[in-house]
Amino acid sequence: MMAGAGVGALALGACSGITFAGTSPLGPVTTLGLDAGQVRLDLEGTPVETWGYNGTVPGPEIRLREGETLRVPLRNGLSDPTTVHWHGISLVNAMDGAPFLTQAPVEPGAGFDYEFVVPEAGTHWYHAHVGHQLDRGLYGALIVEPRHEELSYDREYTLLLDDWRDGLDDRSEYSAGHGGHDPTGSPALPADPREWVSFGGRFYPLTLVNARPPADPYTLDVRLGERIRLRVINAAADTGFRFAIGGHRLTVTHADGMPVQHVTVDAIRIGMGERYDVLIEADAPGAWQVGVMPEGRTGYGRAILRYLDAAGSTAPPSDLRPTELDGRLLTYDDLVNTGKEETPAAGSPDRTFALTLSGTDILADGLDPTEPFLVDSGEWVRFTLRNESMKWHPMHLHGHHFRVSTPGGNGPLKDTAAVPARGGELTFDWRADNPGAWMFHCHNHYHMEDGMMRTVTYRT
Ligand SMILES: [Cu+2]
């Protein structure tokens, strides 16, 4: 079992007991204190020391309604400076938690009060943004409810997927910037090189779902006939996952918290920092494997989907891989935005940045490697990305949502999108409507720490 309260206790929509509501001139305020500090987890009988929030991994699930204000007094009980980033929230720049860009890191023993309006509904998350802190347990879900829920469902669960090594290998790797190699070798590569979702040579001994290892799985209880909403978040530092459920299909309703035309698939691939909301129909009583397969590396994680109507069912063995993992896989081209229009469907952007991902550099045509990407308020901006490196890179833009270009047009609004390796390309457009200085970086934390980061700066 993990230490303290988990996401499960919060999965039915109740907030943590330490959240309380108030009001301000801006409207309702939700306050939740976050204490970053040492946490002890029990992983398959192995106790490990890690860093987390409020004594739990994941940290407490934060829930509030769109348009409300979130107030988070952070206290740093770690031995290193830290900040908190609110991933997916188009918030005021000063609260973005970008170290040295929007704030000085919070020193050990000190605090910082985050307070901002949460403008849009969606499945988002929060995490530490200094060094390799996210590769420990410093993360949690941030769920923003819409004013009017358009989906109908009976229950929901939040699933945070993570690659885990903290306490299980030589921690000196965090500072050395290089890791041990996978002693079990690499899995077979797909025929199409652009499908090679490859990472560093690091070995992650465990894949966790809500901080639970395969031998002690997180369980999603359902009843026959119910419709279940899952909010799936990839909180890993270095691993993309493929996600599927035995005996069930996934109807994708949101990508990175933003609504899309519903599309039903067998499996989703989810890069670091990405989120998908899916609906499943509980129409097959039993106990089913929720499979979490690391892409391009060994290992396996799982949860259990358990029908309360079929209490006698035996849980599948921990290494069982649902055939759905090899079924119809969601791609960005399947996704059609049904939410707000950030940028026009036709015409030309005001400004384009042609970017090349090379090694762990983000090279921009016509700019020096350290120059910020300058934009003016109100502009329609386009990023074209070409990945000439051997690695897959989920790229994240802070403070904005961008529209991914797809052949069908009207692609999904996202804040994190993976560019395929070895010649893969991706184009996205966004509206410069949130002034400040914003990070644009790879969400592989090792790549980011190696400098795979640029800054978008508003000229005024
Ligand atoms: Cu990367």
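What follows is a short walk through a predicted model, from the whole chain down to its copper site and one of its strands.

Start with the chain as a whole. Its secondary structure adds up to two helices and 32 strands. Of the 460 residues, 58% are buried. The outside comes to about 16700 Å² of exposed area, and carbon and sulfur atoms account for 52% of that. The contacts reach across the sequence, too: taking those between residues at least 6 apart, 76% link residues that are at least 24 apart.

Next comes the metal. A copper ion is held by three residues, H393, C442 and H447. The two histidines each offer their ND1 atom and the cysteine its SG, with distances running from 2.0 to 2.1 Å. Read along the chain, these donors fit the spacing H-x48-C-x4-H. As for their surroundings, C442 and H447 are both buried.

Now for a closer look at one pair of strands. Strand β11 spans residues 155–164, and its partner β12 runs antiparallel to it, the two being joined over four bridges. Within this pairing, D162 sits opposite L208 of β12.

Strand β12 itself takes in residues 206–209, and it is covered on both faces. In a regular strand, side chains switch between the two faces of the sheet as the chain goes along. In β12, L206 and L208 lie on one side, while T207 and V209 lie on the other, and all four are buried. L208 therefore counts as having under 20% relative accessible area, and this is the residue that D162 stands across from.

How values were computed. Residues numbered from 1 in each chain as written. Predicted model: local features only at pLDDT ≥ 70, side-chain atom pairs only at ≥ 80, totals over all residues. Heavy atoms only, no water. Donors = N, O, S within 2.8 Å, 3.2 Å for Na, K, Ca; no water. Buried < 20%, exposed > 50% of the residue type's maximum accessible area, 1.4 Å probe, protein only. Pairing = 2+ DSSP bridges. Contact = heavy atoms within 4.5 Å. Areas by Shrake-Rupley, 256 points an atom, 1.4 Å probe, with all protein chains shown as cover.
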